[in-house]
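Student: I would like to look closely at one part of this structure and then see how its surroundings fit together. Please choose a good starting point and take me through it slowly.

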Amino acid sequence: MKRIALLVLLAATVIGCNRESFEERDIIEDIQGEITNGERLYAFYENTVNGKEDAVRIISYTTEGDPIYQDLHFDGNKIESVEDYREDQFGSKEIVTRMCNEITIISSETEAVYVLAGCDPETGMNSVLHEK
């Protein structure tokens with residue numbers, strides 16, 4: 001009986017820690033480049049154009065499967081970008097915070113690239129997400 005209880009507890013822990021679970025504001029880009037909840041980033045972009053406060057989290061995965069988090073918060077004027085590399089096994093283990101003037105979309109017939117512009121400091125990821 002104790003073994004069954006332990007197995008149930010272990011299964012619940014694994015399910016609760018599933019990386020695929022996300023909040024409504026999260027955008028996920030998996031190892032293959034597939035995007036979940038991509039329309040949420042477009043809504044964030046529109047809110048910045050309209051001066052409406054908003055926040056999103058983009059979770060991208062490295063080739064090895066490690067998550068890199070990027071939180072974007074728009075206060076009605078500027079975008080704060082917080083890039084978190086602490087869980088990237090081969091990354092810098094840093095958190096990079098910068099303020100940006102805007103997010104733009106560079107689009108073609110086959111893809112849309114979301115890019116942060118006017119960032120201080122300039123180091124960090126300017127390209128936020130590639131939708132294909």
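Tutor: Let's start at the link of C100 and C119, which is right-handed, with 105° about the S-S bond. Before we go further, please keep in mind that this is a predicted model. The two residues form a disulfide, and their sulfur atoms are 2.1 Å apart. In general, a disulfide is a covalent bond between the sulfur atoms of two cysteines. This structure holds one of them.

Where are its two ends? C100 lies in strand β6, whereas C119 lies in the loop between β8 and β9, so the pair ties together parts that are 19 residues apart in sequence. Both cysteines, C100 and C119, are buried. While you have that loop on your screen, find P121, which is also in the loop between β8 (112-117) and β9 (127-131). The peptide bond that joins D120 and P121 is cis, with omega at about 0°.

Now follow the other end of the link, C100 in strand β6, into the sheet. Six strands form an open sheet, and reading across it gives the order β2-β1-β3-β4-β5-β6, with mixed pairing. The edge strands are β2 (35-36) and β6 (95-100), and each of these pairs on one side only. As background, strands of a sheet pair through backbone hydrogen bonds, either parallel or antiparallel. For a parallel example, take strand β1 (residues 26-29) and strand β3 (residues 54-61), which are joined by four bridges. Within this pair, I27 stands opposite I58 in β3.

Next, look for the helix that crosses these strands. Helix α2 (residues 39-49) lies across β1, β3, β4 (67-74) and β5 (79-84), and it runs at about 145° to β3. Two tyrosines are worth finding here: Y42 and Y45 both lie in helix α2, three residues apart, which is about one turn of the helix. A search of the whole structure finds one aromatic pair. It is made by the rings of Y42 and Y45, whose centres are 5.7 Å apart; their planes are at 40°, so the pair is tilted. Y42 is partly exposed, with a relative accessible area of 38%.

The charged side chains come next. Searching the whole structure gives four salt bridges. One of them is between D54 and R40, where the closest N and O atoms are 2.5 Å apart. This pair links distant parts of the chain, with D54 in strand β3 and R40 in helix α2, 14 residues apart. Both D54 and R40 are buried. So here you can trace a side-chain contact from the helix to a strand that the helix lies across.

Another salt bridge connects D71 and R57, and its closest N and O atoms are 2.7 Å apart. Here D71 sits in strand β4 and R57 in strand β3, again parts of the chain that are distant, 14 residues apart. R57 counts as partly exposed, at 25% relative accessibility. A further salt bridge brings together the side chains of R86 and D84 (2.7 Å, N to O). D84 counts as buried, at 13% relative accessibility.

Let's finish with a few residues in the loops. N37 lies in the loop between β2 and α2. Its phi is positive, about 70°, although N37 is not a glycine. N37 is buried, with a relative accessible area of 17%. K93, in the loop between β5 and β6, also has a positive phi, about 65°, although it is not a glycine. K93 counts as partly exposed, at 43% relative accessibility.

One more loop to visit is the one between β3 and β4, which holds T62. T62 counts as buried because its relative accessibility is 13%, and buried means under 20%. Which residues does T62 touch, not counting those up to four places away in sequence? They are I31, I68 and D88.

To retrace our path, begin again at the disulfide of C100 and C119, step onto the edge strand β6, and cross the sheet to β3, where D54 forms its salt bridge with R40 of helix α2.

Notes: Residues numbered from 1 in each chain as written. Predicted model: local features only at pLDDT ≥ 70, side-chain atom pairs only at ≥ 80, totals over all residues. Heavy atoms only, no water. Pairing = 2+ DSSP bridges. Contact = heavy atoms within 4.5 Å. Axes fitted to C-alpha atoms, helices over the stretch in contact; angles between N-to-C directions. Phe/Tyr/Trp six-rings, centres within 6.5 Å; stacked < 30°, edge-to-face > 60°. Buried < 20%, exposed > 50% of the residue type's maximum accessible area, 1.4 Å probe, protein only. Disulfide = S-S within 2.5 Å.
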